[in-house]
Structure formats: C-alpha cells, structure tokens
Amino acid sequence: MTRITLVEGDITEQQVDAVVNAANSSLLGGGGVDGAIHRKGGSQILEECRRLRASHWGRGLPTGQAVATTAGRLPARWVVHTVGPVYWEDEYDDRAEQLASCYRESLRVAAELGARTVAFPAVSAGVYGWPLEDAARIALGTVAAAVAGPARELTEVRFVLFGTAAYGTFEQVWRGMGAGGEGRQGQD
Ligand code: AR6
C-alpha cells in the first residue's frame with residue numbers, strides 16, 4: 001500500500017527517488033519551485049532540459065504532461081518536470097482536469113523510471129494562482145486515486161508544502177477527505 005504523506009518543507013531537500021518540478025512549458029527554468037530546483041540541482045538539469053527541447057519537445061512541454069531529467073546535485077535521483085495550468089475561473093473544469101493530469105502523468109513517468117518514492121509541490125498554487133484549498137483537493141484526490149490503481153507500486157507519495165499555511169490547508173483537506181489513520185502521516 002502506498003503511503004501518502006504531508007510534510008512542511010523545501011522540496012529540494014527531500015530524500016526521495018523523484019521530485020516533481022512545477023515547471024513552465026519552456027522547461028528552461030523560472031521562479032518558485034522551478035528556480036529552487038535548478039539553483040540547487042545545478043546546470044546538469046538545465047542541460048538535459050535543453051536537450052529535451054532540441055529533440056522531442058521542440059515546442060515545449062504541454063500543460064498537464066510530465067517529463068524526467070537527472071536531479072543533478074539534489075538528493076533525489078530524478079526530477080519530473082510537469083507544467084500546471086494557470087488558474088482561470090472561466091475555464092475551470094478544463095483546467096482542473098489539466099492539473100489532475102499533472103499528478104497522474106508525473107506518477108506515471110516516475111513509476112516507469114522505477115521510482116518508489118515521489119515528492120510533489122503544490123503544482124499551480126504559486127505563480128500560476130490556483131487557490132490553495134482547491135489545488136489541495138485536486139492534488140490529493142488525484143494521487144489517492146492513482147495509488148489505488150496504476151501507481152500502486154509506489155511506496156510513498158509525499159506532498160512537500162512550503163510554509164505552515166500551505167501545510168495546514170493540505171492537512172485540513174486531507175482530513176476532510178476522510179483520509180485519517182492508515183496510509184497517512186503528519187510531518188516526517
Ligand atoms: N519547496 C516546496 N514548495 C515550494 C518551494 C520549495 N522550494 N518554493 C515554492 N514552493 P510555484 P506554479 C511552493 O510558483 O504556481 C515558475 O516560475 C509555492 O509556495 O513554484 O506551478 C515556473 O517556471 C506554491 O505553493 O509553481 C512557472 O513559470 C507551490 O510551491 C511557474 O512558476 C507552487 O508554486 C509555475 O507556477
């Protein structure tokens with residue numbers, strides 16, 4: 001059974017097989033999680049991203065998809081880059097599906113690589129403006145469904161929330177989903 005865990009912290013410090021990056025479709029870096037991952041992981045990550053742009057992903061990585069590179073100097077083995085949607089209420093359903101796809105696709109890519117442990121940030125909940133509580137509902141619901149099915153070989157999916165407010169929101173939403181006790185932990 002896959003454990004879904006919530007921790008408050010910095011995703012670049014996680015000792016997991018794969019960390020997920022909330023990237024943009026250029027794959028060439030940015031602020032937030034993306035900036036932190038490239039800064040701490042070093043130039044190897046960017047070099048691989050450039051190679052991906054020069055080959056399969058010439059037009060950039062579409063929203064909702066995921067692709068892996070080395071994790072460079074990070075403690076993880078791989079970075080799985082995914083592109084969340086920018087929050088836009090008028091097209092909510094469509095974009096919520098794209099956000100769910102980020103989680104599903106990232107887990108698929110990580111599992112294909114042989115990862116057993118994966119850490120996620122709150123994709124789209126920063127620069128891309130997705131309201132945190134709703135982002136948490138989509139993130140947790142999608143991951144819970146995935147680990148009951150196609151991603152069941154994973155041993156842990158960890159949400160790494162930046163700051164007490166983000167952690168508290170995820171914790172509350174997770175509890176509201178009836179996910180108490182087994183399969184769930186608080187801070188590591
Ligand atoms: N560890 C964990 N979570 C973090 C960290 C960290 N080191 N740093 C920030 N967060 P964002 P997005 C939280 O903006 O909304 C970039 O420029 C942050 O507080 O990183 O998907 C990309 O290049 C928030 O809760 O990602 C794109 O252009 C969450 O991570 C764009 O931002 C996501 O915030 C993507 O925007």
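**Notes on the helix packing and a few loop residues**

1. Let's start with a pair of helices. The axes of helix 3 (residues 92-113) and helix 4 come within 9 Å of each other, crossing at roughly 45 degrees. That angle makes helix 3 oblique to helix 4, and the crossing of helix 3 past helix 4 is right-handed. Bear in mind as you read on that this is a predicted model.

2. Who meets whom here? On the helix 3 side, the residues are Tyr92, Ala96, Leu99, Ala100, Tyr103, Arg104 and Leu107. They meet Asp134, Ala135, Ile138, Ala139, Thr142, Val143 and Ala146 of helix 4. Sorted by class, this contact of helix 3 with helix 4 has 11 nonpolar residues, one polar and two charged. When you look at the spacing of those numbers, it helps to recall that an α-helix has 3.6 residues a turn, so residues three or four places apart point the same way.

3. Now helix 4 and its other neighbour. The axes of helix 4 and helix 5 come within 9 Å and cross at roughly 55 degrees, which makes helix 4 oblique to helix 5. This crossing is right-handed. Helix 4 brings Leu132, Glu133, Ala136, Arg137, Ala139, Leu140 and Ala144 to the contact, while helix 5 brings Ala165, Ala166, Thr169, Phe170, Val173 and Trp174. By class, there are 10 nonpolar residues, one polar and two charged in the contact of helix 4 with helix 5.

4. How far apart are the end C-alpha atoms of helix 4, and what span should its 16 residues have? At 1.5 Å a residue, helix 4 should span 22 Å, and its end C-alpha atoms are 22 Å apart, so the two values agree.

5. Which residues of helix 4 are buried? They are Asp134, Ala135, Ala136, Ile138, Ala139, Leu140, Thr142, Val143, Ala146 and Val147. These buried residues pack against strand 1 (3-8), helix 3, strand 5, strand 6 (156-161) and helix 5 (164-176). Ala139 is worth clicking on: Ala139 is part of the contact with helix 3 and also part of the contact with helix 5.

6. Next, a pair of helices earlier in the chain. Helix 1 (residues 32-41) and helix 2 (residues 43-54) have axes that come within 6 Å and cross at roughly 115 degrees. That makes helix 1 roughly perpendicular to helix 2. Ile37, His38 and Gly41 of helix 1 meet Ser43, Ile45, Leu46 and Cys49 of helix 2. Their classes: four nonpolar, three polar and no charged residues in the contact of helix 1 with helix 2.

7. Staying with helix 1, its buried residues are Asp34, Gly35, Ala36, Ile37, His38 and Gly41. They pack against strand 2 (18-23), helix 2 and strand 4 (78-83). Right after helix 1 comes Gly42, with a positive phi near 90 degrees.

8. Two residues deserve a look for their backbone. Most residues other than glycine have a negative phi. Leu27, though not a glycine, has a positive phi near 60 degrees. Leu27 lies in the loop between strand 2 and helix 1, and counts as buried because its relative accessibility is 2%. Ser124 is also a residue other than glycine with a positive phi, here near 75 degrees. Ser124 sits in the loop between strand 5 and helix 4, and with 5% relative accessibility Ser124 counts as buried.

9. Is Val127 buried or exposed? Val127 is found in the loop between strand 5 (117-120) and helix 4 (132-147). Its relative accessibility is 77%, so Val127 counts as exposed. If you want a sense of distance across the model, Val127 and Gly42 are 85 residues apart in sequence and 22 Å apart in space, C-alpha to C-alpha.

10. Last, a strand residue. Ala68 belongs to strand 3 (residues 66-70) and, at 22% relative accessibility, counts as partly exposed. Leaving aside residues up to four places away in sequence, Ala68 touches Glu48, Leu52, Val79, Val80, Val109 and Leu113. Ile45 is 23 residues from Ala68 along the chain, and their C-alpha atoms are separated by 9.7 Å.

Conventions:
Residues are numbered from 1 along each chain as its sequence is written. This is a predicted model: local features need pLDDT of at least 70, side-chain atom pairs count only at pLDDT 80 or more; totals for chains, interfaces and linings use all residues. Side-chain values use heavy atoms; hydrogens and water are left out. Helices (H or I, at least four residues) and strands (E, at least two) are DSSP runs, numbered from the N terminus. Buried means under 20% relative accessible area, exposed over 50%, partly exposed in between (1.4 Å probe, protein chains only). Axes are lines fitted to C-alpha atoms, for helices over the stretch in contact, and angles run from 0 to 180 degrees between N-to-C directions. Angles under 35 degrees count as roughly parallel, over 145 as roughly antiparallel, 65 to 115 as roughly perpendicular and the rest as oblique. A crossing is left-handed if the near helix is turned anticlockwise from the far one by less than a right angle, and right-handed if clockwise. Contact means heavy atoms within 4.5 Å. Ala, Val, Leu, Ile, Met, Phe, Trp, Tyr, Cys and Pro count as nonpolar, Asp, Glu, Lys and Arg as charged, and the others, Gly among them, as polar. The expected span of a helix is 1.5 Å times one less than its number of residues.
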